[in-house]
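Hi there,

Here is the structure I promised to pass on to you. Have a look at it first, and my notes follow just below.

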Amino acid sequence: MNYSQFLNMIPEATLVLALIIVFFADFALHKSERKTFVLGVLTGALLLCQIVPCIMSESSTAFGGLYVTTPIVNVMKTILTLGTFIVVVMSQKWLEGPANKLSGEYYMLLLSTLLGMYVMMSSGHFLLFFLGLEMASVPMACLVAFDKYKKESAEAAAKYILTATFSSGVMLYGISMLYSVCGTLYFDIMSVVISAKGSLFWSQGTMIVLGMVFFFSGLGFKISLVPFHFWTADTYEGAPTPVTGYLSVVSKGAATLTLAIILMKVFGAMVDYWEPLLWIVIMLTITVGNLFAIRQKELKRFMAFSSISQAGYIMLAVVGNSTVGLTALTFYVLVYVVANLAVFTVISAVEHNGGNTQMSAYNGLYQTNPKLALLMTLALFSLAGIPPFAGMFSKFFVFMAAVGGHESAPFWPYFVVLVALVNTVISLYYYLLIVKAMYITKEDNPLPAFRNGAAINWSLAICTAGILLFGICSCIYTWIDKAATAAIQ
């Protein structure tokens, strides 16, 4: 083996180095009273440094095509690293509590899941893809169960890991079907074989279709697409709030890009099969997520169904099966990261300052904490797609990608986008329920005024800047579009 090939995996190598540094720092600081603060600053600094190799890394391959990275993958790695940095910052308040003795383990688990997502997105082979998926899923279950003083956390982790195990089994079954027909697990070779055999032999073509469906079902679990979404609400409610924020954005971003790349690269010749499947799943996901969100009174369950709906919007970009689709998907994830983490930062701040995660805890919040209420409103408006916030631009781009390139069959893409537009109005209604609670609903004893602390303020500042600027800074979209164009070519 030529070990110099690891030099082609710079983002992964530097992240492993960061993981080792945090491990030894945790060992050296195990008796320090400022351990949580020092490790938080160290992990945050390492993640900021990690952005540099992600941005600077170029297209490369390693180990005979097992590892393949492209500019759009590196852009997504940059976005997910930024999201992880925000989660690290917002976690400081929570880690100052009973969980502070395990802060080192918490940071190492975060970096481990991020490493798994890196590997999953840069895979050129189904074996490496599956290893990356499991590297991201198993530490995530530990994070969900991290609050050992809360029985709901253990219950949420049990539901997560059981569902993850079942979905992995379904996915492996689908991959085995594909291998039985194609004789290989390499994406490039499999694409050629599928193009040749998919339409020639009905038995082999059926096996390929079934394999694709089972694979899609397994990855649909990670993205929380309907009907693979049943674990989401219970897991989001039981997990610690920073972990819920991490699970809702970073994990979802990696899985959606990976699914888009594999559908376009491996199953590109079968677009007539998987596009109708996606149309149905997208309409169900957006509609079910929105309708169930209206009924929720617990805010983390509310955001769980909101994230299910948002997953449907993200997958609209995949329907386009084009460079525009990859660009729109990546930009949507970027905006979704800052908007959703802003909401979870506010939830975390309220939860740790005498409140709880019930929507009633936000009644009259504007009276006592007007700045926090304002920032929550901006984030919710961005998630709803209200102009001039970045969420409006991200939704416009996925709608544009969904209807593009379907001149031969113009009806269904436009119908799916129409359903998505109607659901946008529904989502605005239930997001306004929180705004109504903060500004209009009267409360005799609202949550007292409190100071957020430096970590929460920094997290909110970063997220708010993204909400206000990402939509109007055309250079961001141009950067992503160039990366997507280079990846397709």
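The disulfide count for this predicted model comes to zero, where a disulfide is a pair of cysteine sulfur atoms within 2.5 Å. Cys 54, for example, is in no disulfide, and the nearest cysteine sulfur, that of Cys 49, is 12 Å away. Cys 54 is also buried, at 1% relative accessible area. (Buried means under 20% relative accessible area, exposed means over 50%, and partly exposed is in between, with a 1.4 Å probe and protein chains only.) Cys 463 is buried as well, with 0% relative accessibility. Its closest cysteine sulfur belongs to Cys 473 and is 16 Å from the sulfur of Cys 463, so the two are too far apart for a bond.

A word on the ground rules before the rest. Residues are numbered from 1 along each chain as its sequence is written, and side-chain values use heavy atoms, with hydrogens and water left out. Because this is a predicted model, local features need pLDDT of at least 70 and side-chain atom pairs count only at pLDDT 80 or more, while totals for chains, interfaces and linings use all residues.

Now the overall picture. The chain has 20 helices and two strands; these are DSSP runs numbered from the N terminus, with helices being H or I of at least four residues and strands E of at least two. The radius of gyration is 22 Å, which agrees with the value near 23 Å for a compact globule of 489 residues. That radius is taken over C-alpha atoms, and the globule rule is 2.2 Å times the number of residues to the power 0.38. Along the principal axes, the C-alpha atoms fill a box of roughly 70 × 55 × 45 Å.

Of the 489 residues, 59% are buried. The accessible surface is about 19,100 Å², and carbon and sulfur atoms own 69% of that; areas come from the Shrake-Rupley method with a 1.4 Å probe, and for residues only the protein chains shown count as cover. Among contacts with a separation of 6 or more, 80% are between residues 24 or more positions apart, a contact being heavy atoms within 4.5 Å.

On charges, there are 24 positive and 21 negative ones, and their mean positions are 6 Å apart. Lys and Arg count as positive and Asp and Glu as negative, with His and the chain ends not counted. Each charge is placed at NZ of Lys, CZ of Arg, CG of Asp or CD of Glu.

You may want to look at the backbone in a few spots. Most residues other than glycine have a negative phi, and most peptide bonds are trans. The bond from Val 226 to Pro 227 is cis, with omega near 10°, and Pro 227 sits in the loop between α9 (202–223) and α10 (232–238). That loop also holds Ser 224, a non-glycine residue with a positive phi of about 65°; Ser 224 is buried at 0% relative accessibility. Another cis bond joins Pro 387 and Pro 388, with omega about 5°, and Pro 388 is in the loop between α16 (370–384) and α17 (390–403). Phe 63 has a positive phi too, near 55°, and is located in the loop between β1 (60–62) and β2 (67–69).

What does helix α18 (residues 411–439) hold? Ser 427 is one of its residues. Ser 427 is buried at 2% relative accessible area and touches Asn 290 and Ala 384, leaving out residues up to four places away in sequence. Val 417 is in α18 as well, buried at 9%. With neighbours within four places set aside, Val 417 is in contact with Phe 399, Ala 402 and Val 403. Val 417 and Leu 19 are 398 residues apart in sequence and 42 Å apart in space, C-alpha to C-alpha.

For a contrast, try Asn 457 in helix α19 (residues 454–469). Asn 457 and Val 89 are 368 residues apart in sequence, with 9.3 Å between their C-alpha atoms. Is Asn 457 buried or partly exposed? Partly exposed, at 40% relative accessible area. Thr 345, in helix α14 (residues 323–351), is buried with 0% relative accessibility. Apart from neighbours within four places in sequence, Thr 345 contacts Met 90, Ile 456, Ser 459 and Leu 460.

Happy browsing, and best wishes!
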